[in-house]
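Reader: I have a model open on my screen and would like to learn how to read it. Could you walk me through a few features?
Author: Happily; let us look together.

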Amino acid sequence: MPNEKLQIDAFAMEIGDVADADLEQLHALSISVGWPHRSEDWQFLREVGKGVVATDEIGRIMSSAMWFSHSAELATIGMVITSPRLQTQGTGLWLMEYALKDMGGVNLRLNATRAAQRLYLSLGFKPEKTVYQCQGIVTHPPTDLPPSGELRAITDSDLAAAVALDAAAFGVARTGLLEKLFQCSKGYGLFRDSRLVAFALCRPFGRGHVVGPVVASNDQDAMSVVAPNIRDHEGQFLRLDTHFEAGEFALLVVRSGLAVFDTVLTMSLGKSLADFTSDEADAPVTYALVSQTLG
Ligand SMILES: CC(C)(COP(=O)(O)OP(=O)(O)OC[C@H]1O[C@@H](n2cnc3c(N)ncnc32)[C@H](O)[C@@H]1OP(=O)(O)O)[C@@H](O)C(=O)NCCC(=O)NCCS
(Lines give C-alpha, C1' and ligand atoms only; values in the text may rest on other atoms or scores of the structure.)
Protein backbone atom coordinates (compact mmCIF):
# COMPACT_ATOMS: atom_id res chain seq x y z
CA MET A 1 0.00 0.00 0.00
CA PRO A 2 1.69 3.29 -1.05
CA ASN A 3 2.30 5.93 1.52
CA GLU A 4 -0.11 8.56 0.16
CA LYS A 5 -1.00 11.66 2.17
CA LEU A 6 -3.80 14.26 2.16
CA GLN A 7 -3.70 17.54 4.09
CA ILE A 8 -7.08 18.65 5.51
CA ASP A 9 -6.92 21.83 7.60
CA ALA A 10 -4.68 20.86 10.49
CA PHE A 11 -4.93 17.13 9.73
CA ALA A 12 -2.31 15.25 7.73
CA MET A 13 -4.17 12.11 6.63
CA GLU A 14 -2.44 8.93 5.57
CA ILE A 15 -3.80 5.93 3.64
CA GLY A 16 -3.51 2.50 5.24
CA ASP A 17 -4.69 -1.02 4.47
CA VAL A 18 -8.06 -1.94 6.02
CA ALA A 19 -6.62 -5.43 6.64
CA ASP A 20 -4.22 -3.94 9.22
CA ALA A 21 -6.74 -1.55 10.78
CA ASP A 22 -7.96 -1.90 14.35
CA LEU A 23 -11.32 -3.69 14.22
CA GLU A 24 -12.80 -1.73 17.11
CA GLN A 25 -11.92 1.55 15.40
CA LEU A 26 -13.58 0.37 12.18
CA HIS A 27 -16.63 -0.55 14.23
CA ALA A 28 -16.65 2.88 15.89
CA LEU A 29 -16.42 4.55 12.44
CA SER A 30 -19.54 2.80 11.13
CA ILE A 31 -21.38 3.51 14.40
CA SER A 32 -20.49 7.20 14.00
CA VAL A 33 -22.62 7.33 10.82
CA GLY A 34 -25.44 5.26 12.34
CA TRP A 35 -24.71 1.98 10.58
CA PRO A 36 -25.59 -1.32 12.31
CA HIS A 37 -22.46 -3.35 11.42
CA ARG A 38 -20.88 -5.36 14.24
CA SER A 39 -17.13 -5.99 14.46
CA GLU A 40 -17.87 -9.48 13.08
CA ASP A 41 -19.50 -7.92 10.00
CA TRP A 42 -16.39 -5.81 9.33
CA GLN A 43 -14.24 -8.90 9.79
CA PHE A 44 -16.36 -10.88 7.32
CA LEU A 45 -15.97 -8.08 4.76
CA ARG A 46 -12.20 -7.94 5.32
CA GLU A 47 -12.02 -11.66 4.58
CA VAL A 48 -13.86 -11.33 1.25
CA GLY A 49 -12.57 -7.95 0.06
CA LYS A 50 -9.90 -5.28 0.09
CA GLY A 51 -9.93 -1.73 1.30
CA VAL A 52 -8.26 1.36 2.64
CA VAL A 53 -8.60 3.61 5.63
CA ALA A 54 -7.52 7.22 6.12
CA THR A 55 -5.85 7.79 9.46
CA ASP A 56 -4.79 11.01 11.14
CA GLU A 57 -1.35 11.68 12.64
CA ILE A 58 -2.11 9.75 15.80
CA GLY A 59 -3.55 6.74 14.00
CA ARG A 60 -7.26 7.46 14.41
CA ILE A 61 -9.34 6.05 11.55
CA MET A 62 -11.28 8.90 9.94
CA SER A 63 -12.50 7.32 6.71
CA SER A 64 -12.81 3.99 4.89
CA ALA A 65 -13.57 2.45 1.50
CA MET A 66 -13.72 -1.20 0.49
CA TRP A 67 -14.02 -3.11 -2.77
CA PHE A 68 -14.92 -6.70 -3.59
CA SER A 69 -13.67 -8.34 -6.75
CA HIS A 70 -16.36 -10.89 -7.67
CA SER A 71 -14.71 -11.81 -10.96
CA ALA A 72 -12.19 -10.37 -13.43
CA GLU A 73 -15.16 -8.46 -14.89
CA LEU A 74 -17.07 -7.05 -11.94
CA ALA A 75 -16.43 -5.62 -8.48
CA THR A 76 -18.65 -3.95 -5.91
CA ILE A 77 -17.72 -1.03 -3.66
CA GLY A 78 -18.92 -0.42 -0.13
CA MET A 79 -18.14 0.67 3.43
CA VAL A 80 -17.40 4.18 2.11
CA ILE A 81 -17.52 6.23 5.30
CA THR A 82 -16.05 9.49 6.53
CA SER A 83 -16.29 10.43 10.18
CA PRO A 84 -18.98 13.16 10.55
CA ARG A 85 -16.44 15.65 11.89
CA LEU A 86 -14.38 15.40 8.68
CA GLN A 87 -17.07 15.12 6.00
CA THR A 88 -17.26 17.32 2.86
CA GLN A 89 -13.53 18.01 2.91
CA GLY A 90 -12.45 15.64 0.17
CA THR A 91 -11.54 12.48 2.10
CA GLY A 92 -14.26 10.31 0.54
CA LEU A 93 -13.19 11.35 -2.95
CA TRP A 94 -9.53 10.75 -2.08
CA LEU A 95 -10.19 7.14 -0.97
CA MET A 96 -12.54 6.47 -3.89
CA GLU A 97 -9.93 7.67 -6.39
CA TYR A 98 -7.42 5.36 -4.74
CA ALA A 99 -9.87 2.44 -4.94
CA LEU A 100 -10.67 3.09 -8.62
CA LYS A 101 -6.97 3.18 -9.45
CA ASP A 102 -6.36 -0.07 -7.60
CA MET A 103 -9.19 -1.82 -9.47
CA GLY A 104 -7.94 -0.60 -12.84
CA GLY A 105 -11.01 -0.15 -15.02
CA VAL A 106 -13.09 -3.18 -13.97
CA ASN A 107 -16.89 -2.78 -14.20
CA LEU A 108 -18.24 -1.52 -10.87
CA ARG A 109 -21.49 -1.64 -8.96
CA LEU A 110 -22.41 -0.01 -5.66
CA ASN A 111 -25.42 1.01 -3.60
CA ALA A 112 -25.30 4.69 -2.81
CA THR A 113 -26.85 6.48 0.14
CA ARG A 114 -28.27 9.93 -0.57
CA ALA A 115 -25.19 11.52 1.04
CA ALA A 116 -22.86 9.68 -1.33
CA GLN A 117 -24.68 10.09 -4.65
CA ARG A 118 -22.97 13.34 -5.57
CA LEU A 119 -19.57 11.79 -4.90
CA TYR A 120 -20.29 8.80 -7.16
CA LEU A 121 -21.92 10.90 -9.90
CA SER A 122 -18.78 13.04 -10.00
CA LEU A 123 -16.76 9.85 -10.61
CA GLY A 124 -18.94 8.83 -13.55
CA PHE A 125 -21.27 6.30 -11.87
CA LYS A 126 -24.73 6.02 -13.47
CA PRO A 127 -27.97 5.53 -11.48
CA GLU A 128 -29.62 2.14 -12.07
CA LYS A 129 -32.43 1.33 -9.65
CA THR A 130 -33.65 1.77 -6.10
CA VAL A 131 -32.94 -0.67 -3.29
CA TYR A 132 -35.58 -0.93 -0.56
CA GLN A 133 -34.01 -1.66 2.83
CA CYS A 134 -36.76 -3.57 4.64
CA GLN A 135 -36.37 -4.38 8.30
CA GLY A 136 -38.18 -4.84 11.60
CA ILE A 137 -39.40 -7.37 14.12
CA VAL A 138 -41.07 -10.31 12.41
CA THR A 139 -44.70 -10.13 13.53
CA HIS A 140 -46.74 -11.98 10.91
CA PRO A 141 -44.62 -14.66 9.24
CA PRO A 142 -46.20 -16.23 6.17
CA THR A 143 -48.00 -19.49 6.83
CA ASP A 144 -49.98 -20.82 3.90
CA LEU A 145 -47.51 -20.96 1.02
CA PRO A 146 -47.45 -24.39 -0.62
CA PRO A 147 -44.22 -24.56 -2.67
CA SER A 148 -44.37 -25.76 -6.27
CA GLY A 149 -41.60 -28.30 -5.81
CA GLU A 150 -39.56 -29.77 -2.96
CA LEU A 151 -38.61 -27.17 -0.35
CA ARG A 152 -35.81 -28.18 2.01
CA ALA A 153 -32.85 -26.83 3.97
CA ILE A 154 -29.91 -26.11 1.70
CA THR A 155 -26.68 -28.04 2.33
CA ASP A 156 -23.06 -27.86 1.20
CA SER A 157 -23.86 -30.28 -1.63
CA ASP A 158 -26.12 -27.55 -3.13
CA LEU A 159 -23.30 -24.97 -3.27
CA ALA A 160 -22.38 -25.40 -6.95
CA ALA A 161 -26.04 -25.15 -8.02
CA ALA A 162 -26.53 -22.05 -5.84
CA VAL A 163 -23.41 -20.40 -7.31
CA ALA A 164 -24.74 -21.06 -10.83
CA LEU A 165 -28.20 -19.69 -10.02
CA ASP A 166 -26.73 -16.61 -8.31
CA ALA A 167 -24.40 -16.06 -11.28
CA ALA A 168 -27.33 -16.07 -13.69
CA ALA A 169 -29.06 -13.40 -11.57
CA PHE A 170 -26.08 -11.28 -10.46
CA GLY A 171 -24.08 -11.49 -13.68
CA VAL A 172 -20.89 -13.28 -12.57
CA ALA A 173 -20.12 -16.35 -10.43
CA ARG A 174 -19.39 -15.33 -6.84
CA THR A 175 -17.96 -18.71 -5.85
CA GLY A 176 -15.73 -17.56 -2.98
CA LEU A 177 -18.40 -15.34 -1.47
CA LEU A 178 -21.14 -17.98 -1.70
CA GLU A 179 -18.78 -20.51 -0.09
CA LYS A 180 -18.26 -18.18 2.86
CA LEU A 181 -21.97 -17.36 3.09
CA PHE A 182 -22.83 -21.06 3.17
CA GLN A 183 -20.57 -21.41 6.23
CA CYS A 184 -22.42 -18.79 8.26
CA SER A 185 -25.97 -18.95 6.86
CA LYS A 186 -29.05 -21.07 7.19
CA GLY A 187 -30.79 -21.44 3.87
CA TYR A 188 -33.64 -23.07 2.02
CA GLY A 189 -33.76 -24.29 -1.55
CA LEU A 190 -36.64 -25.08 -3.86
CA PHE A 191 -36.07 -28.07 -6.14
CA ARG A 192 -38.01 -29.24 -9.20
CA ASP A 193 -36.96 -32.54 -10.79
CA SER A 194 -34.05 -32.52 -8.29
CA ARG A 195 -32.80 -29.23 -9.78
CA LEU A 196 -32.32 -26.12 -7.60
CA VAL A 197 -34.64 -23.41 -8.98
CA ALA A 198 -34.63 -20.90 -6.09
CA PHE A 199 -32.83 -20.36 -2.79
CA ALA A 200 -32.60 -17.97 0.15
CA LEU A 201 -29.80 -17.67 2.72
CA CYS A 202 -30.02 -15.96 6.11
CA ARG A 203 -27.15 -15.02 8.46
CA PRO A 204 -26.43 -12.96 11.58
CA PHE A 205 -25.79 -9.31 10.70
CA GLY A 206 -26.08 -5.95 12.43
CA ARG A 207 -29.02 -5.75 14.83
CA GLY A 208 -30.22 -9.31 14.13
CA HIS A 209 -30.26 -11.39 10.96
CA VAL A 210 -30.31 -10.51 7.26
CA VAL A 211 -31.93 -12.57 4.50
CA GLY A 212 -29.88 -12.59 1.30
CA PRO A 213 -29.15 -13.51 -1.30
CA VAL A 214 -32.56 -14.63 -2.47
CA VAL A 215 -32.54 -15.86 -6.05
CA ALA A 216 -35.61 -17.09 -7.94
CA SER A 217 -37.27 -16.80 -11.33
CA ASN A 218 -40.66 -15.60 -10.09
CA ASP A 219 -42.43 -14.14 -7.05
CA GLN A 220 -44.00 -17.47 -6.03
CA ASP A 221 -40.66 -19.30 -5.85
CA ALA A 222 -39.00 -16.34 -4.09
CA MET A 223 -41.79 -16.34 -1.48
CA SER A 224 -41.49 -20.11 -0.99
CA VAL A 225 -37.77 -19.96 -0.14
CA VAL A 226 -37.92 -16.81 1.96
CA ALA A 227 -40.94 -17.90 4.05
CA PRO A 228 -39.11 -20.41 6.30
CA ASN A 229 -36.31 -17.87 6.93
CA ILE A 230 -38.92 -15.35 8.05
CA ARG A 231 -40.74 -17.95 10.19
CA ASP A 232 -37.43 -18.91 11.86
CA HIS A 233 -37.17 -15.32 13.17
CA GLU A 234 -40.68 -14.65 14.47
CA GLY A 235 -40.41 -12.02 17.23
CA GLN A 236 -36.83 -11.17 16.20
CA PHE A 237 -35.16 -8.41 14.16
CA LEU A 238 -34.79 -9.28 10.49
CA ARG A 239 -33.61 -7.30 7.46
CA LEU A 240 -33.90 -7.82 3.71
CA ASP A 241 -32.64 -5.48 0.93
CA THR A 242 -34.56 -5.77 -2.34
CA HIS A 243 -34.97 -4.00 -5.68
CA PHE A 244 -38.67 -4.95 -5.61
CA GLU A 245 -41.01 -2.19 -4.49
CA ALA A 246 -44.26 -3.83 -5.59
CA GLY A 247 -45.56 -7.30 -6.32
CA GLU A 248 -46.34 -10.31 -4.17
CA PHE A 249 -42.80 -10.82 -2.89
CA ALA A 250 -42.46 -7.21 -1.71
CA LEU A 251 -45.92 -7.41 -0.10
CA LEU A 252 -45.03 -10.57 1.80
CA VAL A 253 -41.87 -8.96 3.17
CA VAL A 254 -43.70 -5.86 4.39
CA ARG A 255 -46.69 -7.83 5.77
CA SER A 256 -44.31 -9.99 7.80
CA GLY A 257 -43.21 -6.88 9.72
CA LEU A 258 -40.22 -5.77 7.62
CA ALA A 259 -41.19 -2.19 6.70
CA VAL A 260 -39.19 -0.06 4.26
CA PHE A 261 -36.70 1.67 6.56
CA ASP A 262 -34.61 3.46 3.92
CA THR A 263 -33.70 3.40 0.25
CA VAL A 264 -30.35 3.50 -1.54
CA LEU A 265 -29.56 3.77 -5.24
CA THR A 266 -27.77 1.05 -7.19
CA MET A 267 -25.23 2.71 -9.47
CA SER A 268 -22.76 1.31 -11.99
CA LEU A 269 -19.58 2.37 -13.72
CA GLY A 270 -18.66 0.67 -17.00
CA LYS A 271 -21.16 -2.00 -18.03
CA SER A 272 -24.68 -1.50 -16.69
CA LEU A 273 -26.79 -3.98 -14.69
CA ALA A 274 -28.66 -4.91 -17.88
CA ASP A 275 -25.38 -5.88 -19.56
CA PHE A 276 -24.86 -8.53 -16.91
CA THR A 277 -28.36 -9.98 -16.72
CA SER A 278 -30.81 -11.73 -19.00
CA ASP A 279 -34.24 -10.24 -19.78
CA GLU A 280 -35.80 -13.63 -20.58
CA ALA A 281 -39.09 -14.16 -18.74
CA ASP A 282 -37.96 -17.09 -16.57
CA ALA A 283 -34.36 -15.98 -15.97
CA PRO A 284 -33.21 -16.07 -12.30
CA VAL A 285 -33.40 -12.69 -10.57
CA THR A 286 -31.84 -11.38 -7.35
CA TYR A 287 -34.86 -10.88 -5.06
CA ALA A 288 -32.69 -9.90 -2.08
CA LEU A 289 -29.11 -8.65 -2.04
CA VAL A 290 -26.38 -10.32 0.02
CA SER A 291 -25.99 -6.81 1.46
CA GLN A 292 -25.78 -3.25 0.19
CA THR A 293 -21.98 -3.57 0.20
CA LEU A 294 -21.77 -6.89 -1.65
CA GLY A 295 -24.74 -6.42 -4.02
C1 LIG B 1 -20.78 9.87 1.71
C2 LIG B 1 -19.52 10.20 2.47
C3 LIG B 1 -18.65 8.96 2.54
C4 LIG B 1 -18.76 11.29 1.72
O5 LIG B 1 -17.50 11.44 2.35
P6 LIG B 1 -16.76 12.86 2.39
O7 LIG B 1 -15.40 12.63 2.93
O8 LIG B 1 -17.64 13.84 3.03
O9 LIG B 1 -16.70 13.12 0.80
P10 LIG B 1 -16.01 14.35 0.06
O11 LIG B 1 -15.67 15.41 1.04
O12 LIG B 1 -14.91 13.78 -0.77
O13 LIG B 1 -17.19 14.86 -0.83
C14 LIG B 1 -17.47 14.33 -2.09
C15 LIG B 1 -18.73 14.99 -2.63
O16 LIG B 1 -19.86 14.57 -1.89
C17 LIG B 1 -20.56 15.71 -1.35
N18 LIG B 1 -21.09 15.34 -0.05
C19 LIG B 1 -20.39 14.93 1.03
N20 LIG B 1 -21.23 14.71 2.05
C21 LIG B 1 -22.47 14.96 1.61
C22 LIG B 1 -23.76 14.92 2.20
N23 LIG B 1 -23.94 14.58 3.48
N24 LIG B 1 -24.83 15.24 1.44
C25 LIG B 1 -24.67 15.59 0.15
N26 LIG B 1 -23.48 15.67 -0.48
C27 LIG B 1 -22.39 15.35 0.26
C28 LIG B 1 -19.51 16.76 -1.27
O29 LIG B 1 -20.07 18.05 -1.26
C30 LIG B 1 -18.70 16.51 -2.50
O31 LIG B 1 -19.35 16.99 -3.65
P32 LIG B 1 -18.73 18.24 -4.46
O33 LIG B 1 -17.34 17.80 -4.82
O34 LIG B 1 -19.64 18.36 -5.62
O35 LIG B 1 -18.78 19.37 -3.50
C36 LIG B 1 -19.85 10.72 3.90
O37 LIG B 1 -20.79 11.75 3.80
C38 LIG B 1 -20.38 9.66 4.84
O39 LIG B 1 -19.62 8.93 5.46
N40 LIG B 1 -21.72 9.58 4.96
C41 LIG B 1 -22.34 8.62 5.84
C42 LIG B 1 -22.11 7.19 5.37
C43 LIG B 1 -22.54 6.99 3.94
O44 LIG B 1 -23.66 7.32 3.56
N45 LIG B 1 -21.65 6.39 3.12
C46 LIG B 1 -21.87 6.15 1.73
C47 LIG B 1 -22.19 4.74 1.50
S48 LIG B 1 -22.65 4.44 -0.18
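Author: Let us begin with handedness: a crossing is left-handed if the near helix is turned anticlockwise from the far one by less than a right angle, and right-handed if clockwise. Please keep in mind that this is a predicted model.

Reader: Thanks! Which hand does the crossing of H3 and H4 have?
Author: The crossing of H3 and H4 is right-handed.

Reader: And how do I describe such a pair beyond its hand?
Author: Two packed helices are described by the angle between their axes and the distance between the axes. For H3 and H4, the axes come within 11 Å and cross at roughly 45 degrees. H3 and H4 are therefore oblique to each other.

Reader: At what angle do the axes of helix H2 and helix H6 cross?
Author: The axes of H2, residues 39-48, and H6, residues 175-184, cross at roughly 150 degrees and come within 10 Å. Angles over 145 degrees count as roughly antiparallel. H2 and H6 are therefore roughly antiparallel to each other, and their crossing is right-handed.

Reader: How does helix H5 lie against H6: oblique or roughly parallel?
Author: H5 covers residues 159-170, and its axis comes within 10 Å of that of H6, crossing at roughly 130 degrees. H5 and H6 are therefore oblique to each other. Here, too, the crossing is right-handed: that is how H5 passes H6.

Reader: Now the ligand. How many residues surround the ligand?
Author: The ligand is surrounded by 20 residues, and the closest are Val-80, Thr-82, Thr-88, Gly-90 and Thr-113. By class, this shell has 10 nonpolar, nine polar and one charged residues.

Reader: Which helices and strands supply at least two residues each?
Author: Those are strand E5 (74-82), helix H3 (91-103), strand E6 (107-112) and helix H4 (114-122). H4 gives the most to the shell, with five residues.

Reader: Which polar atoms should I look for beside the ligand's oxygen atoms?
Author: Start with the backbone: an N or O atom of Gly-90 lies 2.6 Å from an oxygen atom of the ligand. A backbone N or O atom of Leu-93 lies 2.9 Å from a ligand oxygen atom. From a side chain, a polar atom of Gln-87 lies 3.4 Å from an oxygen atom of the ligand. As for cover, the ligand taken alone exposes 890 Å², and the protein buries 75% of that.

Reader: What about the backbone at Thr-88: is phi positive or negative?
Author: Phi of Thr-88 is near 60 degrees, a positive value in a residue other than glycine. You will find Thr-88 in the loop between E5 and H3, and it is listed with the residues closest to the ligand.

Reader: One last backbone feature: is the peptide bond from Gly-212 to Pro-213 cis or trans?
Author: That bond is cis, with omega near 0 degrees. To locate Pro-213, look in strand E11, residues 208-216.

Conventions
Residues numbered from 1 in each chain as written. Predicted model: local features only at pLDDT ≥ 70, side-chain atom pairs only at ≥ 80, totals over all residues. Heavy atoms only, no water. Near = heavy atom within 4 Å. Polar contact = N/O pair within 3.5 Å; in protein donor to acceptor, adjacent residues only side chain to side chain. Areas by Shrake-Rupley, 256 points an atom, 1.4 Å probe, with all protein chains shown as cover. Helix = DSSP H or I, 4+ residues; strand = E, 2+ residues; numbered from the N terminus. Nonpolar A, V, L, I, M, F, W, Y, C, P; charged D, E, K, R; others polar. Axes fitted to C-alpha atoms, helices over the stretch in contact; angles between N-to-C directions. Parallel < 35°, antiparallel > 145°, perpendicular 65-115°, else oblique.
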